[in-house]
Amino acid sequence: MTEPVLTFTDRGIYCPAGDFHIDPWRPVDRALITHGHADHARPGHGAYLATTGALPVIRHRLGQINAEDIAYGTARTIGGARVSFHPAGHLPGSAQIRVEVGGQVWVASGDYKTTPDGLSEPFEPVRCHAFITECTFGLPVFTWPSQDSVAADINAWWADNAAQGRASLLGAYSLGKAQRLLSVLDAQQGPILTHGAVEATNAILRTQGYALPDTIPVTPDMDAKAHKGALILAPPSALTSAWARRFGPASTGFASGWMRLRGIRRRRAMDRGFVVSDHADWSGLHQAIKATGAEKIFATHGYTEIFARWLKTYGYDAEVVPTEFGGEEEAS
Amino acid sequence: MKRFAALFTAIDQTTKTTAKTKALADYFTQAPDSDKLWCIALFLGRRPKRAVTTTALREWAAERAGIPLWLLEESYPIVGDLAETLALILPPPQQTSDHSLTHWIDVLRALHDAPQDDRKPRILEAWDQLDATERFLFNKLITGGFRIGVSRKLMTRALAQATGQEEATLAHKLMGGWTPESTSFHALIEAENPAADQSRPYPFYLAHQLDDTPDTLGDPADWQAEWKWDGIRGQLILRDNAHHVWSRGEELMTDRFPEFARAIDFLPPGTVLDGEIVAWDGAQPLPFNTLQPRIGRKTVPKKLLREAPVILLAYDLLEHGGHDQRDVPLADRRAALTTLLADLPEDAPIRLPPTLPFDTWNSLTDTRAKAREMRAEGLMLKRCNSPYLSGRKKGDWWKWKLAPLTVDAVMIYAQQGHGRRANLFTDFTFAVWQGNDLVPFAKAYSGLTDAEFEDITRWVRKNTLQRFGPVRQVRPEHVFEIAFEGIQPSTRHKSGIALRFPRMARWRHDKTAQEANTLDDLHALLAAYG
């Protein structure tokens, strides 16, 4: 019986052969980070390793850190382990991390989606023996409409609001989702205004060369109502705060995978819910797992128990791994 | 169905009442009459007779989706709605169709008489022709419960906009025992003198809760006070030598309460009484839980009739001599009611409950404190010169309830809610101490804010000790103040008590589980108030 390549500790996923952690949630000496969302990239580690695409945002969020970047697909040896980062399609720069020890290959998926969004580097299946998969949306009720059809819905909603003299307030997480939406908005329709948290990420990604349409940052001294027919992109929490009132009459929308469920849509009490997720849907999870060729599957955050039970009926050796991930899109 | 689905989407996509009303008014202007009628019926909570069981629907949907049944069952509590769960897991339709709402309802009605073996292929065929929203609505036609944020008031307003009729007139037309099979849109809504429905009740006037002190209501002389009885609000209708009993929820309850058949012996036809149906011991009401078994039963065994005989405490007169009295001031209605009921025999199933004389709000406050002794929940305050309005209108009728009883209890089980509360833990079981044991005594699911439910949900996810199907046993750590209206002995519960309308008054972050109340405390309350 060979030693496991990766183990699960109270600090997170750990590689004994390389003495490093992946996305640890408590301070460790050496952390490999899949992407910049707060539940995966936490402060306090001795050394960080992340992709060239992901690191600028991580630096911006965590401040002074001892970090190194690595290109996709470049192998590096850490202790007795060989590691490489591969596109996860979750957001620009996001990665799955491949770890090989003594011929055994394990992959930690981080968060991922299998369908290309036109902005993030598309998900790349990595063959492995064991696959640690998220399953935020690991239920058969979660299937996503195509990005084109949702983009058309959002643009039509925006146009309709503009025609009715209303602003369009669109809620989306400030890293990833917001930029993905920006990239599909029809900028011909009117001005696009952004909340400070969204704009900070925009600025970093633009510097890195990601193509985003022009945006106007919302500032305290601006006349927010002067931008007729504007669409305003903001983090969901800002939509229900005093901040949102400056735009006058507005229709509110929220973009998330959870908007697939009517109960959650109603609880959010937004005018519109758009089904857009940066996580894999039910069929995406299956496609990804199948493509790895792995026989051993570890289900982490999401509907882990249900998902693992389902994988077992498919003949996989599936196991639930408790984690403390659960960030930007886990909470409904 | 596309038009109905578009209406549903328009209503579901907005939180603004004006937008909902407009969407509905447009529908009432444009849709075919039979669809309009069904739309009204559905939003009022009626549905075609159930043709297939939900068990069968689940099996067929799982099979069609190629997933095991258990996976569908696990998904259901997370979605929080069965019709929606089925719609979401089914593969995309292979065909398109644009039949009317009435067509699909006819399909379901035909299913009722179809051989068992024909039902499954017909449902699968329907699923395969409907898009996601249409499917959800189609499933809702079967499972029932169209809660889509359209109140009766909103629908009445939309109908008024579409037809140019008064809202109050329409509200009255919508009452009663009509079904889309028994009437038409023209007969129900448009006809000037609607075909006389002899059983049709009047829309109930509902009181608002008085949160301020009563002196905010002005001169006590302008007000009539009564006990607020704890029973079933009902209308007793006597017309053409027949009687009908309606609940506030517009359920025809005539057969459930055979006691009222005798009313036509004492009272003239053309009489409609509004009041509270209570179980009666000859002198005062019996506790609500005595009445409870009478509510669920369509026919009543003799034993139950003896144990829980009901009467109507009639406090208002809505029709007298065949004439609508609702515009007559309350004081005059009361006078006429008093005369009408003056000569009833002692054992008649109808009684005139007293009004409570008072000169000052202070003296009335003292009277209110005695409500529990009278088996009442508090007081009703009604303005003497007020007409009988329809629906919940502020100003003339107030309920002034006693402060509820409370205990501090420990949460021990949690379950997820439905619909808007899907994926949130909102249904809890509470326990009190008996020595070192926690004895469950009440379930409650209301009283917390959405934010508090979200907090407790996060906590439940991390503090589950054991699962029993959808129910999670949690670490006994959090204390809640449970408020309730009444307490009764019960042989059905381990704790030996049953509470009336328990709910969470407060989350007691300041208390540890050890500081919660005991079963002895509850039994002391039972002795004092039971």
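Begin at the boundary between the two chains of this predicted model: 4 salt bridges are counted between chain A and chain B. For one of them, select A:Glu305 and B:Arg467, whose closest N and O atoms lie 3.6 Å apart. Polar contacts may be displayed next; 5 residue pairs across the interface of chain A and chain B satisfy the rule, both residues of each pair being at pLDDT 80 or more.

Keep the chain A side in view and colour its helices. Helix 6 (262-268) and helix 8 (304-313) of chain A each provide at least two residues of the side that touches chain B. Helix 6 of chain A gives the largest share of that side, 6 residues.

Now select the whole contact, which draws 25 residues from chain A and 31 residues from chain B. The size of an interface is often expressed as the accessible area lost when the parts come together. Here chain A and chain B bury about 2,500 Å² between them, with 54% of it on carbon and sulfur atoms. Within chain A, the residues that lose the most area to chain B are A:Arg262, A:Arg267 and A:Asp271, which together account for 28% of what that side buries.

Remain in chain A and turn to its open sheet. Six strands are arranged in the order 14-13-15-12-16-17, with parallel pairing. Strand 14 (216-217) and strand 17 (272-274) of chain A are the edge strands, each pairing on one side only. Strand 17 of chain A is joined by 3 bridges to strand 16 (residues 250-255), and the two run parallel. To locate this pairing, select A:Gly253, which stands opposite A:Arg272 in strand 17 of chain A.

Add helix 2 (residues 147-163) of chain A, which packs on the sheet and touches strands including strand 12 (167-171) and strand 17; its direction makes about 145° with that of strand 12 of chain A. Helix 3 (residues 177-184) of chain A also packs on the sheet, and its direction makes about 160° with that of strand 15 of chain A.

Finally, move to chain B and select strand 17 (residues 471-474). Its covered face holds B:Arg472 and B:Val474, while B:Val471 and B:Gln473 form the uncovered one. In a regular strand, side chains alternate between the two faces of the sheet. Strand 13 (residues 405-416) of chain B runs antiparallel to strand 17 of chain B and is joined to it by 2 bridges; B:Ala414 has B:Arg472 as its bridge partner. Strand 16 (residues 464-468) of chain B is also antiparallel to strand 17 of chain B, with 4 bridges, and B:Gln466 stands opposite B:Gln473. These two strands, 16 and 17 of chain B, form a hairpin with 2 residues between them, where B:Gly469 in the turn has a positive phi of about 60°.

Definitions and conventions
Residues are numbered from 1 along each chain as its sequence is written. Chains are lettered from A and ligands numbered from 1 in the order in which they are written. This is a predicted model: local features need pLDDT of at least 70, side-chain atom pairs count only at pLDDT 80 or more; totals for chains, interfaces and linings use all residues. Side-chain values use heavy atoms; hydrogens and water are left out. Buried means under 20% relative accessible area, exposed over 50%, partly exposed in between (1.4 Å probe, protein chains only). Two strands pair if DSSP finds at least two bridges between them. Contact means heavy atoms within 4.5 Å. Axes are lines fitted to C-alpha atoms, for helices over the stretch in contact, and angles run from 0 to 180 degrees between N-to-C directions. Buried area is the accessible area (1.4 Å probe) that two parts lose on being put together, summed over both. A salt bridge is a side-chain nitrogen of Lys or Arg within 4 Å of a carboxyl oxygen of Asp or Glu. A polar contact is a pair of N or O atoms within 3.5 Å; within protein, one must be able to donate a hydrogen and the other to accept it, and residues adjacent in sequence count only if both atoms are side-chain atoms.
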